[in-house]
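Got the model open in your viewer? Let's walk through its side chains, one selection at a time.

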Amino acid sequence: MSGDMIPPARSPLTPAFLDRSRTVAPPGWSRWLIPPAALSVHLAIGQAYAWSVFKPPLESSLGLSGTMSALPFQLGIVMLGLSAAFGGTLVERNGPRWAMFVSMTCFSSGFLISAFGVAIGQFWLVVLGYGFIGGIGLGIGYISPVSTLIKWFPDRPGMATGIAIMGFGGGALIASPWSAGMLGAFGTDTTGIAQTFLVHGVVYAVFMSVGVMLVRVPPEGWLPRGWTPSLAAAKPLVTTADVSARNAIRTPQFWCLWIVLCLNVTAGIGILEKAAPMIRDFFSDTDTPVAVGAAAGFVALLSLANMAGRFVWSSTSDLIGRKNIYRVYLGVGGLLYLTIALAGDSSKPLFIMCTIGILSFYGGGFATVPAYLKDLFGTYQVGAIHGRLLTAWSVAGVLGPLIINAIADAQAAAGRSGPALYTTSLYIMIALLVIGFAANELIRPVAEKFHERVPETPETPATR
């Protein structure tokens with residue numbers, strides 16, 4: 001049985017166009033239409049990575065601390081992991097179109113609620129809207145195309161998921177200057193922020209609807225022309241067997257990969273969430289401090305690195321293997337953090353290059369992990385397994401910003417400034433990456449006792 005064979009459970013209240021049976025691709029359908037459908041959703045929800053652009057205006061207009069202004073982002077990441085974990089099976093059952101529609105509804109509604117909250121000066125509505133409701137949209141939208149992409153591209157799973165998940169990393173590349181431009185036009189008071197949120201909600205709803213209408217699932221038993229599962233089985237750690245979501249969480253491989261993802265994300269997300277104020281703080285005591293506009297550009301640059309890493313590194317993993325590429329993410333990432341800690345504010349270009357490398361590994365880790373799961377557990381319920389694994393992101397979404405913000409606030413209260421605000425945090429991140437490196441080394445092929453025993457399905461004619 002494949003993930004596509006899970007019986008549909010459409011409610012009579014569900015619109016007909018969301019019925020999974022209506023999303024099965026007809027003969028001759030091009031699989032290359034699926035990555036653009038996934039990108040339309042991931043580019044939208046990737047706006048989350050531009051949250052740091054809103055932090056200073058919210059702090060000044062509502063009187064918030066840096067830790068408080070991070071709450072919507074942190075809760076959004078928590079809900080991303082939780083909704084992906086609990087909704088993964090529903091996504092597999094109801095299909096990617098249903099999932100993308102739910103994501104669009106929640107994500108856009110979150111912005112509209114946040115706009116209302118800022119307009120009336122109630123920050124808790126921003127936390128509820130952007131963090132809780134919008135976070136559900138993040139989680140469902142994030143996993144919505146992953147299983148489908150892996151089934152369309154079993155020959156190149158790293159590349160396929162990298163293309164789509166690249167959009168999530170690159171969302172801030174669009175959102176950061178766009179948001180900064182709107183704040184400049186509307187103002188950085190509560191009225192201006194509310195109007196900016198309102199525009200976001202409406203525009204993203206329209207943009208995400210493209211993916212909702214375009215996405216398709218492959219026919220049962222479909223394989224790319226000229227490719228067989230035996231070609232993949234020759235690679236280390238790659239299995240042609242299938243493991244259910246229930247059995248996957250009973251394996252040590254799942255939990256080792258959970259630790260790897262959690263710690264790799266923690267190391268990157270702390271910088272990303274505080275990127276704009278961090279670079280300004282780091283060089284505040286030098287002769288060339290960083291202006292507000294340049295800090296927003298730095299956020300966009302990190303978003304570009306995040307986006308590029310998702311495609312470049314995940315595609316590289318198809319060639320050198322998932323375990324080897326995570327050795328790069330965790331090992332080299334730790335060395336880059338050490339370089340930042342030792343160099344301090346002595347070189348702005350060195351700081352920027354190191355953070356670009358860290359964020360490229362951060363993005364690459366996200367894009368590679370679905371293919372790592374496919375290698376270990378097969379394609380059966382891989383979307384549900386991926387959803388459960390993303391609880392690691394929920395933990396990291398709290399842990400990373402908390403480490404960076406709490407230590408920076410404490411150091412500032414003690415009268416310190418510049419790199420001293422972040423030195424302790426940097427060494428903590430190095431230690432976490434070392435632990436993640438060790439967890440990756442412990443990953444071995446999944447024992448046969450966890451494999452599903454399912455009948456083989458006849459192959460259907462390949463399409464392009």
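Before you click anything, one term: a residue is called buried when its relative accessible area is under 20%. Keep in mind too that this is a predicted model.

**Stop one: a charged pair under cover**

Select K151 and E92. These two form a salt bridge, with the closest N and O atoms 3.5 Å apart. Zoom out a little to see what they join: K151 sits in helix α7 and E92 in helix α4 (residues 71-94), 59 residues apart, so by the helix numbering used here the pair links distant parts of the chain. Are K151 and E92 buried or exposed? Both K151 and E92 are buried.

**Stop two: more salt bridges**

Side chains of opposite charge can pair when their charged atoms come close. Across the whole structure, a search turns up seven salt bridges. Next, pick D155 and R31, whose side chains meet in a salt bridge at 3.1 Å, N to O. D155 is in the loop between α7 (146-152) and α8, while R31 is in the segment before α1 (34-45), so this pair ties together parts that are 124 residues apart in sequence. Colour by accessibility if you can: D155 is partly exposed, with a relative accessible area of 23%, whereas R31 counts as buried at 8%. Now add R156 to the selection, since R31, D155 and R156 are linked in a network of salt bridges.

Then jump along to D318 and R322. Their salt bridge has its closest N and O atoms 2.8 Å apart. D318 counts as buried at 13% relative accessibility, and R322 is buried at 7%.

**Stop three: aromatic rings**

Time to show the rings. How many aromatic pairs does the count come to? The count is 29 aromatic pairs. Start with F107 and F111: their ring centres are 5.3 Å apart and their planes stand at 85°, so this pair is edge-to-face. Look along helix α5 (residues 96-119) and you'll find them four residues apart, which means about one helical turn separates F107 from F111. Both F107 and F111 are buried.

Now select Y142 and F168. Here the ring centres are 5.1 Å apart with the planes at 90°, so Y142 and F168 are edge-to-face. Y142 belongs to helix α6 (residues 123-143) and F168 to helix α8 (residues 157-186), so the pair ties together parts that are 26 residues apart in sequence. Check the surface: Y142 is buried at 0% relative accessibility, and F168 is buried with a relative accessible area of 0%.

For a wider view, select W51, F54, F107, F111, Y130, W178, F197 and Y204, which ring pairs link into a cluster. You'll recognise F107 and F111 from a moment ago.

One more ring before moving on: show F283 with K348. K348 lies over the face of F283, at 5.6 Å from the ring centre.

**Last stop: the cysteines**

A disulfide is a covalent bond between the sulfur atoms of two cysteines. How many disulfides does the count come to here? The count is zero. Select C256 to see an example: C256 is in no disulfide, and the nearest cysteine sulfur, in C262, is 13 Å away. Turn to C262 and its closest cysteine sulfur is the one in C256, at 13 Å, too far for a bond. As for accessibility, C256 is buried with a relative accessible area of 13%, and C262 counts as buried at 4%.

How values were computed:
Residues numbered from 1 in each chain as written. Predicted model: local features only at pLDDT ≥ 70, side-chain atom pairs only at ≥ 80, totals over all residues. Heavy atoms only, no water. Phe/Tyr/Trp six-rings, centres within 6.5 Å; stacked < 30°, edge-to-face > 60°. Helix = DSSP H or I, 4+ residues; strand = E, 2+ residues; numbered from the N terminus. Buried < 20%, exposed > 50% of the residue type's maximum accessible area, 1.4 Å probe, protein only. Lys NZ or Arg CZ within 6 Å of the ring centre and 35° of its normal. Salt bridge = Lys/Arg side-chain N within 4 Å of Asp/Glu carboxyl O. Disulfide = S-S within 2.5 Å.
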